[in-house]
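Here's a quick tour of a structure, with an eye on charged pairs and what sits at the surface. Have a look at it first, then read on.

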Amino acid sequence: MADTQIDESAQDAKQAAKAERKAAKLAKQIRSFSEAHGGAEGQLAYIGQMGTRIVLVGEDGGWGDLVAPSHAVAVSAAEKSGITLHESFDGDFAAKVRTGPYEWTRMAGIQVGGPSGR
C-alpha cells in the first residue's frame, strides 16, 4: 500500500513538472508574440479534450492562437507572460483584430457567390 502511494506521488510530481514546463514554454511564445505586436491581450476558450485555446490579439491588430493541454496550464501561461485576459471575445477586444486578404478570401469563399477558393 505504501509503495502505491509513493508511486502515485511520484507520478503527480512528474505531471506537475511537465505542466509547469509547458506553461513556461507557452508563456515564452506569448511574450514573443506580444513583443512582435506592440503588446497583446488574450482570451481563453475551452476546446474540449484537446485543452484550452489561448487567443492572442496584438496592439497592432495582429492575432494568433496557441493551445494548452488544460485550462490550468493556459491560465498559468497567461499569468507568467503578463498579458491581460478577457472573459469573452466580443466588443472592443474583438474590434482590435485586423484581418488581411487571406482571411477575407477564405470568408468570402464560404458565402454564396464568393470566390471558390480553388
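## Glu-59 and the Lys-96 network

Glu-59 counts as partly exposed, at 46% relative accessibility; that label covers the range between buried (under 20% relative accessible area) and exposed (over 50%), using a 1.4 Å probe and protein chains only. Bear in mind that this is a predicted model, where local features need pLDDT of at least 70, side-chain atom pairs count only at pLDDT 80 or more, and totals for chains, interfaces and linings use all residues. Residues are numbered from 1 along each chain as its sequence is written, and side-chain values use heavy atoms, with hydrogens and water left out.

How many salt bridges does the structure hold? There are four, a salt bridge being a side-chain nitrogen of Lys or Arg within 4 Å of a carboxyl oxygen of Asp or Glu. Glu-59 pairs up with Lys-96, with the closest N and O atoms 3.9 Å apart. Lys-96 sits in the loop between helix 3 and helix 4 and Glu-59 in the loop between strand 2 and strand 3, so this contact ties together parts 37 residues apart in sequence. Helices (H or I, at least four residues) and strands (E, at least two) are DSSP runs, numbered from the N terminus.

Lys-96 also forms a salt bridge with Glu-41, and here the closest N and O atoms are 2.1 Å apart. That pair links distant parts of the chain, since Glu-41 belongs to strand 1 (residues 40-46), 55 residues from Lys-96. Glu-41 is buried, at 11% relative accessible area, while Lys-96 is partly exposed at 30%. Put together, Glu-41, Glu-59 and Lys-96 make a network of salt bridges.

## A strand-to-strand pair

Asp-65 and Arg-53 meet through their side chains in another salt bridge, 2.6 Å from N to O. Asp-65 is in strand 3 and Arg-53 in strand 2 (residues 52-58), so parts 12 residues apart in sequence get tied together. Both partners are partly exposed: Asp-65 has 37% relative accessibility and Arg-53 has 31%.

## Surface patch and helix 2

Strand 3 (residues 63-68) is also home to Val-67, which is partly exposed with a relative accessible area of 37%. Val-67 joins Ile-47 and Met-50 in a nonpolar surface patch of about 270 Å².

Over in helix 2 (residues 71-81), the buried residues include Val-73, Ala-74 and Ser-81. Just after helix 2 comes Gly-82, with a positive phi of about 85°.

Methods
Patches are made of residues with over 30% relative accessible area and no salt bridge: like charges are joined within 9 Å, nonpolar side chains (Val, Leu, Ile, Met, Phe, Trp, Tyr) within 5 Å. Accessible areas come from the Shrake-Rupley method with a 1.4 Å probe; for residues, only the protein chains shown count as cover.
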